[in-house]
Amino acid sequence: MEKKVKALLDTITFLVFLFFDFVDVVLCVAYELLDELFEVKPFPCYCGKKLETKELSETLFWRKNVFREMGFLSFGRKICEAVKKRDDGNRGEVVNRWSDCGCDSCVSWMKKSNQKLHVVVKEFPQVNSEDGPREEATTENVIFLHGFLSSSSYWTRSVFKYLSEPLNHQIYRYFAVDLLGFGKSPKPNDCLYTLNDHVEMIHKSVISAYELSSFHLVAHSMGCNIALALAAKYPKFVKSVTLVAPPYFSDSNDETSSSMALNTVARKTLWPPLAFGKSVMTWELNFMVVDLTRHTHHSAWHSMHNVICGGSKFMDDYVRILINAKVEVWVIHGDQDLTVPLDCSNNLKMKFPQLKLIIVQNVDHGTVIFHRKRDFVKSLQHIWATS
């Protein structure tokens, strides 16, 4: 009976995703046609020739589609080429892409002359010594990076209110960042949202803007890849790195590493329902709301592929740099995480025994923080005090 149920589920899964493949190809042609009609500089489609740059993820070109392999796109491309020839020279300037909703979070950043990330800063005043005159306090800086389809509010509305002023004459400044393409931060259409793009904007908007000479990093999910890239670029600045549910998928082959990430976080399956939700996320169908809507299709799509999937091939090198620089790296993971499996952190610990791994029982990808805010903050304060 179990085999029959599995066979039935496999058949239904195949038919459902065959339909999605068909829709994917139809929309590909439709969007390319609309881009040619309405865009000043149409963005190239990834269904064609692979671009030769290591920063782009192989998964942008890799995911198989039976209709695409049958040459279904060739007829649509002929139409697009005809439109392009007719329309060249008649393009006007546009403010945002036709496919963007045009809401305030998508376009408000365009009104600012200084294009930096949106950063929420929580800063404590200096501490007075109870037993003597006022003493100069040292400053500890902490940068918080959110995960995929989130924003700085992930931290400001959860752990920030539990971060009380530490003793021992130390001031803590907390920086919660809206990553490039998310929240209230810029969402440029000519950006590929690679790891380097994210790192450069954090440097410009936080490290350089606030003249940080040292800092701790705390990151969740996709933000972990960006945190490792940032720390590896500035290892002398970093005092500690705390990774919460890092999507670590390592393999000796770069393409295998990227495809492992895509197949894990968005594999084609119908059951369980959460897994189905993740699989169709590659078609940008979101099953969460609020902050998760504050991005453009372009920024979310490229960040998923170039940071979560494509970033996997760089993780080992980044960790080695931090270990050689004697930067403490802590990993926190819930044992019930279905979004980023616990195996990710276990494999990371097995490959790099120097890392410190904390496995939290009976919590998942989100509740590892939200259902234990005070305990999570205590863990952070312990990490910062001992680093």
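## An aromatic cluster

In this predicted model, ring pairs link Phe144, Tyr154, Trp155, Phe160, Tyr172, Tyr174, Phe370, Phe376 and Trp384 into a cluster, where rings of Phe, Tyr and Trp (its six-membered ring) pair if their centres lie within 6.5 Å, planes under 30 degrees apart counting as stacked, over 60 as edge-to-face and the rest as tilted. Residues are numbered from 1 along each chain as its sequence is written. Because the model is predicted, local features need pLDDT of at least 70 and side-chain atom pairs count only at pLDDT 80 or more, while totals for chains, interfaces and linings use all residues, and side-chain values use heavy atoms, with hydrogens and water left out.

## Two ring pairs

By this rule there are 16 aromatic pairs. The ring centres of phenylalanine 144 and tryptophan 384 are 6.5 Å apart and their planes stand at 85°, so this pair is edge-to-face. It links strand 2 (residues 138-145) to helix 15 (residues 373-386) across 240 residues, helices (H or I, at least four residues) and strands (E, at least two) being DSSP runs numbered from the N terminus. Both phenylalanine 144 and tryptophan 384 are buried (under 20% relative accessible area, with exposed over 50% and partly exposed in between; 1.4 Å probe, protein chains only).

Tryptophan 155 and phenylalanine 376 have ring centres 6.2 Å apart and planes at 20°, so they are stacked.

## Helix 12

In helix 12 (residues 315-324), the buried residues are Met315, Asp316, Tyr318, Val319 and Leu322. Seen down the helix axis, they fall within an arc of 160° and so line one face, the arc being that of the directions from the axis to the C-beta atoms.
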